[in-house]
Amino acid sequence: MRKNRLKDKHTNVRRWLLGLLVVATAAMMVMPGGNAFYAKSIYPVIGSLLANASSWIPFAIGDAFIIISILWMIGYPIYALVHPKRRFLKACGNVAEYLLWLLVWFYWAWGLNYGQPNYYERTNTKPVAIDQQAFSRFAHRYVEALNSNYTVVEAKDEAKVRENVMSAYKLQGLNRIRVVNPQVKTMLYTPVASMVGVTGSMAPFFCEFTLNGDVLPHSFAATYAHEYAHLQGITSEGEANFYAYLATTQSTDKGIRFSGYYSILGHVFNNARALMSSDDYFALYESLRPEIKELIETDRAYWQERYSDLIGEVQEYLYNLYLKYHRIPEGTKSYSEVIGLIMATENQ
């Protein structure tokens, strides 16, 4: 009896604590300046602790944690349902409580970075209107830089990429999280990630950044820099692309520079299709080096072989909703905001 009373007391304390944390999380999200204060003052402490602790584990512990959590949340109610001595509703309640703990953990470990001021507000950079004439000038400068930096990248040199990216982000002031033993980890579910077209991710529960094991050598540096920007608290996909672009294209290594320029090629030509005439668009494409055109087709075939249309569309839809819920109204279209950011900084 005493043991049961003690157990009930612990349960009540745990749930009261959870309730307080849920209220504190909600308050931080709606309080004016709350997300900015978290990003500037709280996340650097929590993120650094988690990132330094998890960096010494050789595999993606966040991926393993998510997989185990999903299996438990599905399996535990089923187990309770088929075993008469187990109470199904109680099991569902435990799962619901566990989900709340996960949400609290997610937001305080990284998720409260959503809602912080965007790049323009943080840096007092003025957005520019992307009209046809201005974009055309930018696009031709871009293609010239892409062509001149073309090189064959034969291997993923993590040490060299890490040194270049970390140095660049330090110069940019984007070094909120400082890790003693920084290392990118390979996704445990790489085949599934390739099926939905995901090349990297930020695992918030342990502040790890992971890359799809199928990422090709010429895309490795830019993808690494993109996910490292997320580790530094950047939530906008367009901003992460932008920081990655700056970090890689300013490198002294030609292979890293090419990775950076090549990483935004799709965004440049998507904008070109919308803003330029068909003749000008075709002329822009034709001005690409033959080797780059061939690389585009090779990449398309490589990823299409691994992609699942059905699963990919579902993932795209859900991630789009996720981004919009977290105050990124453009959703997955925010990836292309990198062009506006680059043009705005060039215009300063």
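Which residue in β3 is the bridge partner of lysine 185? Select threonine 210, which holds that position in β3. The model is predicted: local features need pLDDT of at least 70, side-chain atom pairs count only at pLDDT 80 or more, and totals for chains, interfaces and linings use all residues. Residues are numbered from 1 along each chain as its sequence is written, and side-chain values use heavy atoms, with hydrogens and water left out.

Next, display β1 and β3, which pair in the parallel sense over two bridges. Strands (E, at least two residues) and helices (H or I, at least four) are DSSP runs numbered from the N terminus; two strands pair if DSSP finds at least two bridges between them.

Widen the selection to the open sheet of three strands, ordered β1-β3-β2 with mixed pairing. β1 (185–186) and β2 are at the edges with a single partner strand each, so one side of each lacks a neighbour in the sheet. Helix α9 (residues 217–231) packs on the sheet and touches β2 and β3 (contact: heavy atoms within 4.5 Å). The direction of α9 makes about 155° with that of β3; axes are lines fitted to C-alpha atoms, for helices over the stretch in contact, and angles run from 0 to 180 degrees between N-to-C directions.

Now move to the hairpin of β2 and β3, with four residues between the strands. Cysteine 207, in the turn, has a positive phi of about 50°. β2 and β3 (residues 208–211) run antiparallel, joined by four bridges, and alanine 203 stands opposite glutamate 208.

Finally, select threonine 25 in helix α1 (residues 2–30). Its contacts include Val104 and Trp108, not counting residues up to four places away in sequence.
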